[in-house]
Structures are given as structure tokens and as C-alpha cells.
Amino acid sequence: MDMSKTISKKTQKTEMARIAAIRTKLAELFPEAECALQFHNPLELLIATILSAQCTDARVNLVTRDLFVKHRSVEDFANMPQAVLEQEIHSTGFFRNKAKNIIACCQKLIANHGGEVPAVMDQLVQLPGVGRKTANCVMGNGFGIATGVVVDTHVQRLSHRLGLVPESIMDPGKIEQKLMQLIPQKEWIVFSHRLMRHGRQTCNARRPDCSNCSLAELCPQNGVQTH
Ligand code: SF4
């Protein structure tokens with residue numbers, strides 16, 4: 001009998017049990033975790049997600065609260081002078097690029113998709129300013145279709161700390177692929193919301209509160225500096 005194969009199978013089983021326990025614990029902690037961005041339809045979600053790059057969801061919600069009252073349709077955004085939109089989204093950072101992308105994105109929605117946000121991953125990623133993370137977010141939260149795992153800064157950090165993904169893997173696309181192998185597809189959408197909530201609440205970037213963390217027994221605390 002090949003002992004090394006037996007040991008590695010056993011290790012894999014233990015690791016899958018640990019990951020299952022993490023999923024269970026996160027589900028207990030955040031049973032209703034959902035998208036923190038506020039929106040009423042897929043277009044608003046798409047725009048809010050573009051605005052959320054390098055910005056907190058709370059700040060985006062503050063900006064969109066007024067933005068989505070003033071401008072309601074895809075035509076409103078497609079026809080808006082860039083300087084006006086820049087001013088309205090200024091506080092979300094990278095406002096020039098975001099304004100340019102939102103306007104171009106809405107123009108493309110009108111030209112190619114009848115003014116609707118397509119519920120098709122391959123079509124979403126062709127839109128200006130829309131990468132895989134944004135597209136996953138729209139597919140999952142706008143249409144309820146699990147096409148992948150949204151990997152934002154919280155999901156990236158926690159995936160490393162919790163030992164779900166090796167710290168050497170930094171590329172969000174590769175982190176997502178790894179998480180998609182570890183987490184059942186029916187949990188892809190909610191799992192990232194739960195990690196984000198835990199990241200904001202307990203496992204924050206600078207000072208993770210490991211001594212009060214409900215996942216502490218399951219977590220190798222990779223990369224966490226102990227003081
Ligand atoms: S134990 Fe520490 S590093 Fe691990 S999830 Fe909790 S807060 Fe984060």
C-alpha cells in the first residue's frame with residue numbers, strides 16, 4: 001500500500017472537514033448576509049459595483065442615494081456629460097475613470113443589449129469598467145445566478161488568513177478559482193458576503209480580533225502578526 005497516498009487522502013479529508021466547519025460557523029454568524037450595496041435593479045447594482053472599486057460600500061451607498069434619485073434610466077447615464085457625473089461621484093475616488101466607464105457602459109447597453117443589463121457573464125465582462133468581480137457581483141446579487149465567487153479585498157485577506165488559499169496566490173482570479181473548488185456552488189454568492197461581513201466586523205486588515213473570533217479554533221491565522 002502506498003502510505004504517502006493514504007496520508008495525503010487523510011489530510012485532504014481533515015482539511016475539507018475544517019472548511020465545512022468554517023462554512024457552518026460563518027452561516028451561524030451571518031445567516032442573512034447579503035450585498036451591502038444598495039440598489040433597486042440590475043442597472044443600479046452595476047453602477048454601484050463599478051463605483052465600489054477602491055471605495056467602501058458605505059461611501060458608495062451615500063453617493064448613490066442621491067445619484068439614483070437624480071438619474072434613473074440607462075439613457076440618463078449614457079447621455080450625461082462626463083464632468084457632471086465626475087462631480088457627483090467624486091468622493092468614491094478614481095472618479096474620472098469611473099465616470100468614463102459608467103457612461104461608456106450605459107452607451108454599450110443601449111447599443112448592444114436593448115438598454116438592459118445582460119444576465120450573461122461573457123457579455124457583462126465585455127462592458128467598459130466591468131471585470132470578473134463586478135460581473136460576478138451583478139450575476140449573483142442582481143440575477144441570483146452563481147457564476148463565481150466575488151473576491152474583494154476582504155475575501156482575499158480572509159482566504160489567506162483562514163488558510164483556504166495559499167498566501168503565495170495573490171491574483172484575485174486565481175483565488176476565485178481555488179474558492180470555487182472548495183465551496184459548493186450553491187454557497188458561492190452568500191459565502192463571499194459572509195467573509196466580507198466577518199472581515200469588516202472581526203478580521204479587519206490592521207487589527208484582527210483573533211482572541212474574540214468565533215473562527216479562532218478553525219483558523220491558522222496565516223500572516224497575522226501577534227503582538
Ligand atoms: S482567528 Fe483571527 S485571523 Fe482567523 S478569522 Fe478570526 S480574526 Fe481572522
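**Asking why: a first look at this model**

Mentor: Q221 is placed in the segment after α11. A helix here is a DSSP run (H or I) of at least four residues, numbered from the N terminus. The model is a predicted one, where local features need pLDDT of at least 70, side-chain atom pairs count only at pLDDT 80 or more, and totals for chains, interfaces and linings use all residues. Residues are numbered from 1 along each chain as its sequence is written, and side-chain values use heavy atoms, with hydrogens and water left out.

Trainee: Why is Q221 called partly exposed?

Mentor: The relative accessibility of Q221 is 25%. Buried means under 20%, exposed over 50%, and partly exposed in between (1.4 Å probe, protein chains only). The value for Q221 falls in between, so the residue counts as partly exposed. Q221 also has a positive phi of about 55°, although it is not a glycine.

Trainee: What makes a residue part of the ligand's surroundings, and which residues are there?

Mentor: One of its heavy atoms must lie within 4 Å of the ligand. Q221 is in that group, together with R161, L162, H198, C203, P208, C210, C213, A216, C219 and V224. By class, the shell has 8 nonpolar, 2 polar and 1 charged residues. Ala, Val, Leu, Ile, Met, Phe, Trp, Tyr, Cys and Pro count as nonpolar, Asp, Glu, Lys and Arg as charged, and the others, Gly among them, as polar.

Trainee: How do you know that R207 is exposed?

Mentor: R207 is found in the segment after α11. Its relative accessible area is 63%, which passes the limit for exposed, so the word fits. The C-alpha atoms of R207 and V74 are 41 Å apart, with the two positions 133 residues apart along the chain.

Trainee: What makes F94 exposed, and where is it?

Mentor: F94 is in the loop between α5 (82-88) and α6. At 57%, its relative accessible area is over the exposed limit, so F94 is exposed. Its phi is near 45°, a positive value in a residue other than glycine.

Trainee: And is R197, in helix α11, buried, exposed or partly exposed?

Mentor: R197 has 34% relative accessibility, between the two limits, so it counts as partly exposed. Its helix, α11, covers residues 188-201. Contact means heavy atoms within 4.5 Å, and R197 touches F30 and A33, leaving out residues up to four places away in sequence. The C-alpha atoms of R197 and C35 are separated by 9.8 Å, although these positions lie 162 residues apart along the chain.

Trainee: Why is N141 called buried?

Mentor: Its relative accessible area is 18%, which is below the buried limit, so N141 is buried. N141 belongs to helix α8 (residues 132-143). Beyond its neighbours within four places in sequence, N141 contacts C35, F39, L45, I189 and H193.

Trainee: What is the distance of the polar contact between the side chains of N141 and H193?

Mentor: The distance is 2.8 Å. A polar contact needs N or O atoms within 3.5 Å, one able to donate a hydrogen and the other to accept it; residues adjacent in sequence count only through side-chain atoms. The pair meets that limit.

Trainee: Why is helix α2 described as largely enclosed?

Mentor: Because 9 of the 10 residues of α2 (residues 42-51) are buried. They are L43, E44, L45, L46, I47, A48, T49, I50 and L51, and they pack against α3 (57-70), α4 (74-78), α6 (95-113) and α8. At the N-terminal end of α2, N41 acts as a cap, with a side-chain oxygen 3.1 Å from the backbone nitrogen of L43.

Key: Helices (H or I, at least four residues) and strands (E, at least two) are DSSP runs, numbered from the N terminus.
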